[in-house]
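Student: I am new to this structure and would like a close look at one helix and how it sits within the whole. Could you take me through it slowly, beginning with the overall picture?

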Amino acid sequence: MALLEEAKSVAGQFDYPPEELNKGVKAFIQQMDEGLQKPGTAMSQIPTYVTSVPNGTEKGLYLAVDLGGTNFRVCSIQLHGDTTFSLTQSKVAIPRELMVAKTSKELFGFLAKQIENFLKTHHDEHYQAHVIRRKTMNAQAAQAESEIFQLGFTFSFPVNQIGINRGTLIRWTKGFDIDDAVGKDVCELLQTEIDALHLPVKVAALVNDTVGTLMARSYTSPGKTGTLIGAIFGTGTNGAYVEKLAKITKLSHIEGSEYDRSTGEMIVNTEWGSFDNHMSVLPDTPFDSDLDKESVNPGIQMFEKRVSGMFLGEILRRAMLALVSNAQLFKDEHSGKNSLHSTTTIAEDSALYKQWGVDTSFLSIVAADKTPDLRVIRQTLSRDLGVDAASTEDAEAVKVVVNAIGKRSARLSALAMAAIIIATDNHISRGAGEEDVVDIGVDGSLVEFYPGFDDMMREALREVPEIGDKGEKRIRIGIAKDGSGVGAALIALVAAQKD
Ligand code: ADP
């Protein structure tokens with residue numbers, strides 16, 4: 001078969017038609033419901049103990065850190081109390097060896113050190129004042145001073161949360177694997193290392209990034225009613241939403257859990273990355289199943305493995321390799337036609353041959369290339385993947401497959417959103433009134449940078465009958481820029497008020 005034909009046939013395997021999508025929505029609602037009733041279900045539906053959302057008038061200076069997957073961010077946030085804020089941020093990549101370190105002390109010690117560096121760089125006066133106080137008073141008295149920063153710790157892995165700043169790690173995801181941390185309170189792990197460095201910092205709140213994103217959205221665009229969702233499409237994918245307390249029936253079985261019942265609501269962290277881990281409705285290709293088999297956590301996070309930034313590049317790599325062996329992708333017969341060079345070469349150490357070698361940002365570059373001879377794709381193939389002198393046909397073949405992988409990811413993302421909208425009883429397709437609005441704060445490189453991700457999600461939302469054309473127009477999706485940082489600050493604020 002000709003290369004392009006073969007590429008289209010590979011792309012076709014990623015089709016996700018409306019019937020399948022709607023079947024997925026139904027299964028998602030069912031799995032959400034199960035998760036609200038009992039522990040140990042596919043989707044964890046974790047109660048967050050956050051029972052109110054901000055209204056934009058909150059004020060103060062807070063610290064936030066974010067361990068999300070690829071990077072560790074430290075920031076300080078000044079909330080101005082008028083829906084605006086200013087934020088100072090530093091960001092470091094997590095060294096791979098720390099993601100799989102022998103002990104959690106190595107990882108958390110590294111995180112505390114980054115907080116120390118941040119304070120010395122951006123809040124030195126505050127930090128030095130604390131150092132002097134420590135020298136002149138006993139340590140306990142210094143800690144009792146009011147200048148302790150309240151810190152919101154965004155930790156975007158599944159935790160069993162038992163209080164606003166207490167939660168034990170259920171399992172690692174996104175390539176992390178440090179045995180001794182599982183089952184431990186991650187706030188305590190971080191506080192211990194912060195205390196070892198004598199920093200004026202209290203871990204006040206444990207925050208999931210989706211909850212932070214939801215809170216940030218609520219602070220910056222207050223006054224809305226209706227469904228409120230926070231969603232992440234970055235290294236991983238996950239979402240949180242505001243649920244009625246009465247529906248979270250498993251709360252009554254959680255020993256010692258204390259929370260404010262006055263609002264009748266609580267934010268629930270769905271952990272939708274593990275939706276349908278038993279594969280009753282999720283689409284599956286040989287590339288997906290091979291990726292899963294060779295991952296550190298086979299059979300787990302099956303939804304995430306089809307949607308998020310950590311995996312799309314790897315799915316594409318596997319699909320491209322199939323085209324290299326079956327269909328003459330990057331072979332000489334196809335090179336030269338549209339290129340001055342005559343011979344395509346794939347470097348021996350090409351990232352194409354390495355597991356995780358293709359980054360999802362490559363898909364964004366490919367999908368964005370509108371040049372007639374797909375020059376940008378060919379240049380990127382050469383620069384990032386060591387494929388020299390690829391032909392236009394090669395580039396077209398890659399693009400066809402990329403579009404299919406990106407589109408499936410966006411449609412699956414829409415599935416999750418549609419399910420939550422329907423499950424929270426929002427009859428937006430009927431358009432009853434102002435309360436029937438859906439406000440979705442999103443964050444993550446995939447949704448921010450992949451061309452047309454939002455449009456593809458919206459197209460799929462219209463294909464869900466309970467939403468339809470009319471409902472889709474009532475859905476506001478906005479990037480919650482720096483959302484998890486601001487959200488973590490807002491949750492630290494709420495937690496400090498309750499102390
Ligand atoms: P995190 O989720 O770790 O907090 P990000 O939201 O930046 O951080 O997501 C990082 C993930 O996004 C990585 O898996 C990376 O491959 C992917 N990514 C980075 N840049 C882009 C891009 N331009 N387009 C699509 N995906 C990207």
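Tutor: The protein, seen here as a predicted model, contains 18 helices and 15 strands. Its C-alpha atoms fill a box of roughly 75 × 55 × 40 Å along the principal axes, and its radius of gyration is 24 Å, which agrees with the value near 23 Å that a compact globule of 499 residues would have. Of these 499 residues, 49% are buried, and among the contacts with a separation of 6 or more, 74% join residues that are 24 or more positions apart.

Against that background, the helix to look at is H14, which runs over residues 392–423. Its 32 residues reach 46 Å from the first C-alpha to the last, close to the 46 Å expected at 1.5 Å a residue. Because 27 of its 32 residues are buried, H14 is largely enclosed by the rest of the structure. Just after the helix, Asp 425 takes a positive phi of about 65°.

The place of H14 becomes clearer when the nonpolar interior is considered. The largest nonpolar core has 149 residues, and within it Val 401 and Ala 418 touch the most other members. The largest share of this core, 19 residues, comes from H14. If we leave aside residues up to four places away in sequence, Ala 418 touches Val 25, Leu 461, Val 464 and Ile 467.

For contrast, consider Ile 346, which is placed in strand S12, residues 345–346. With 18 other C-beta atoms within 10 Å, where 20 or more would make a residue buried, Ile 346 is partly exposed. Again leaving aside residues up to four places away in sequence, Ile 346 touches Phe 330, Leu 352, Gly 386 and Val 387. Ile 346 also gives a sense of scale, since its C-alpha lies 55 Å from that of Ser 52, a residue 294 positions away in sequence.

Finally, there is the ligand, which is surrounded by 18 residues, the closest being Gly 68, Gly 234, Gly 309, Ser 364 and Phe 449. This shell divides into 4 nonpolar, 13 polar and 1 charged residue. Helix H11 (309–327), helix H12 (360–368) and helix H15 (445–449) each supply at least two residues of the shell.

Technical notes: Residues are numbered from 1 along each chain as its sequence is written. This is a predicted model: local features need pLDDT of at least 70, side-chain atom pairs count only at pLDDT 80 or more; totals for chains, interfaces and linings use all residues. Helices (H or I, at least four residues) and strands (E, at least two) are DSSP runs, numbered from the N terminus. The expected span of a helix is 1.5 Å times one less than its number of residues. A residue is buried if 20 or more other C-beta atoms lie within 10 Å of its own, exposed if 12 or fewer, and partly exposed in between; C-beta atoms are placed from the backbone. A residue is near a molecule or strand if its C-beta atom, placed from the backbone, lies within 6 Å of it. Ala, Val, Leu, Ile, Met, Phe, Trp, Tyr, Cys and Pro count as nonpolar, Asp, Glu, Lys and Arg as charged, and the others, Gly among them, as polar. Two residues are in contact if their C-beta atoms, placed from the backbone, lie within 7 Å. The radius of gyration is taken over C-alpha atoms; the globule rule is 2.2 Å times the number of residues to the power 0.38. A nonpolar core is a set of buried Ala, Val, Leu, Ile, Met, Phe, Trp, Tyr and Cys residues joined through C-beta atoms within 7 Å.
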